[in-house]
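Reader: I would like a close look at a single part of this model, its core. Please explain which pieces build it and how they fit with the rest.

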Amino acid sequence: MAVSAKGIFILFVLLGLFYFVAYQYNLPKISSTSRSAPSIPVPKAAIVPPPPTTPISQSLANTTPPDLDTTACASPITIDIGELEKLTFQLINQERTNHDLGSLKWDDIISATGRDHSKDMGINNYFSHQDFDGNFADVRLKHHNYLSFEVEGENLALLPAYPYYFTYPNGTICSPHYYSTSELAQLAAISWMNSPEHRANILLPNFTDSGMGIYFINNSYYFTQVFVKYTDCGYTGVNCCHEGTEYFCYQPYDCTRDGGSFVCK
């Protein structure tokens with residue numbers, strides 16, 4: 001039986017659909033807060049920046065998509081999260097050094113606070129400074145028994161494991177390149193520095209201590225960096241801290257007049 005020209009055209013269209021793949025770029029997401037009084041809401045930024053203009057990102061973004069061949073798919077890279085945290089932290093301190101600011105001191109408790117928030121965002125599939133309990137970084141720090149601060153800020157980043165990928169008709173995801181530890185650290189640092197809100201946190205002279213916590217899930221890296229201005233007030237036997245218009249002490253101490261000054265007792 002003869003096949004019409006129209007029938008041949010439809011057949012080629014169907015075959016074309018069968019071999020179709022989707023080509024998509026992955027862009028980082030970042031967000032920042034800075035809070036000097038935990039009881040006062042501070043506007044938060046949640047933005048998707050353009051790809052950072054660095055040699056690394058340019059070379060990745062300009063890479064020609066490979067042929068439709070699974071042999072072009074790269075194998076996932078196993079990233080040491082602790083190494084990634086420290087490297088990103090070093091890059092942030094390098095930015096402060098470049099602007100004649102003191103380096104931030106790494107703190108394990110602050111890092112654990114950020115790491116737990118990154119994990120919570122990854123497992124519960126959200127991206128926000130406010131967690132599902134309604135808490136911001138200041139409360140999360142106190143839940144980790146870190147009380148020696150009077151100002152805090154937080155930068156978030158959500159980075160993909162690869163810059164672009166292909167989705168085959170059977171659902172297989174193929175990427176010809178996975179970010180290395182160095183590339184992920186640079187991408188996070190550059191994305192933050194390219195955003196006024198995040199840059200302000202990084203270059204705030206008052207911040208003295210910081211921590212970096214990262215969690216990996218579903219081919220995504222959740223970054224949380226928490227900044228604080230360390231203070232030794234608010235504890236028993238020392239002067240009361242000043243917050244807004246009130247002096248206060250960390251629980252369970254009370255701000256009590258002792259001679260000509262107020263101390264925590």
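Author: pLDDT is the predictor's confidence in each residue, from 0 to 100, and a contact means heavy atoms within 4.5 Å. This is a predicted model, in which local features need pLDDT of at least 70 and side-chain atom pairs count only at pLDDT 80 or more, while totals for chains, interfaces and linings use all residues. Residues are numbered from 1 along each chain as its sequence is written, and side-chain values use heavy atoms, with hydrogens and water left out.

Some stretches should be set aside before the core is discussed. Over residues 5–23 the pLDDT stays under 50, and the model has 18 contacts beyond four places in sequence for them. Residues 36–67 also stay under 50, with 55 contacts beyond four places in sequence. Where pLDDT is low, the predicted coordinates should not be read in detail. Over the protein chain the average pLDDT is 78, and 74% of the residues score at least 70.

The chain has 7 helices and 13 strands (DSSP runs numbered from the N terminus: H or I over at least four residues for a helix, E over at least two for a strand). Of its 265 residues, 41% count as buried (under 20% relative accessible area with a 1.4 Å probe, protein chains only; over 50% is exposed, and in between is partly exposed). Among contacts between residues at least 6 apart in sequence, 67% join residues at least 24 apart.

Now the core itself. The largest nonpolar core (buried Ala, Val, Leu, Ile, Met, Phe, Trp, Tyr and Cys residues joined through side-chain atoms within 4.5 Å) has 29 residues, and Leu 84, Ile 92, Tyr 221 and Phe 223 touch the most other members. At least two residues of this core come from each of α3 (81–98), β5 (149–160), α6 (181–193), β8 (209–217) and β9 (220–230). The largest share, 7 residues, is supplied by α6. In soluble globular proteins, nonpolar side chains tend to be buried together.

Take α6 next. Of its 13 residues, 10 are buried, so the helix is mostly covered. The buried residues include Leu 184, Ala 185, Leu 187, Ala 188, Ala 189, Trp 192 and Met 193, and also Thr 181, Glu 183 and Ser 191. At 1.5 Å a residue, α6 should span 18 Å, and its end C-alpha atoms are 18 Å apart, which agrees (the expected span is 1.5 Å times one less than the number of residues).

The helix α3 has 18 residues and reaches 26 Å from its first C-alpha to its last, close to the 26 Å expected. Its buried residues are Leu 84, Glu 85, Thr 88, Phe 89, Ile 92, Asn 93 and Arg 96. An α-helix has 3.6 residues a turn, so residues three or four places apart point the same way. The buried residues of α3 pack against β4 (105–106), α4 (108–124), α6, α7 (196–202), β8 and β9.

One residue of α3 deserves a closer look: Ile 92. Ile 92 counts as buried because its relative accessibility is 0%. Leaving aside neighbours up to four places away in sequence, Ile 92 touches Leu 104, Ala 189, Trp 192, Ile 202, Met 212, Gln 225 and Phe 227. Among these partners, Gln 225 is 133 residues from Ile 92 in sequence, yet their C-alpha atoms are 9.9 Å apart in space.

The same helix range also holds Lys 86. The charged end of Lys 86 sits over the ring of Trp 106, 4.8 Å from its centre (NZ of Lys or CZ of Arg must be within 6 Å of the ring centre and within 35 degrees of the ring normal).

Rings are the next topic. The whole structure holds 8 aromatic pairs (rings of Phe, Tyr and Trp, the latter by its six-membered ring, with centres within 6.5 Å; planes under 30 degrees apart are stacked, over 60 edge-to-face, the rest tilted). Tyr 162 and Tyr 178 form an edge-to-face pair, 5.3 Å centre to centre with 85° between the planes. Tyr 162 is in the loop between β5 and β6 (164–167), and Tyr 178, 16 residues apart from it, is in the loop between β7 (173–174) and α6. Tyr 162 counts as buried because its relative accessibility is 5%, and Tyr 178 because its value is 11%. With Tyr 165, these two form one aromatic cluster.

Two further residues finish the picture. Thr 231 lies in the loop between β9 and β10 (241–243) and is buried, with a relative accessible area of 10%. Beyond four places in sequence, Thr 231 is in contact with Ser 148, Phe 149, Glu 150 and Tyr 250. By contrast, His 143, in helix α5 (137–143), counts as exposed at 59% relative accessibility.
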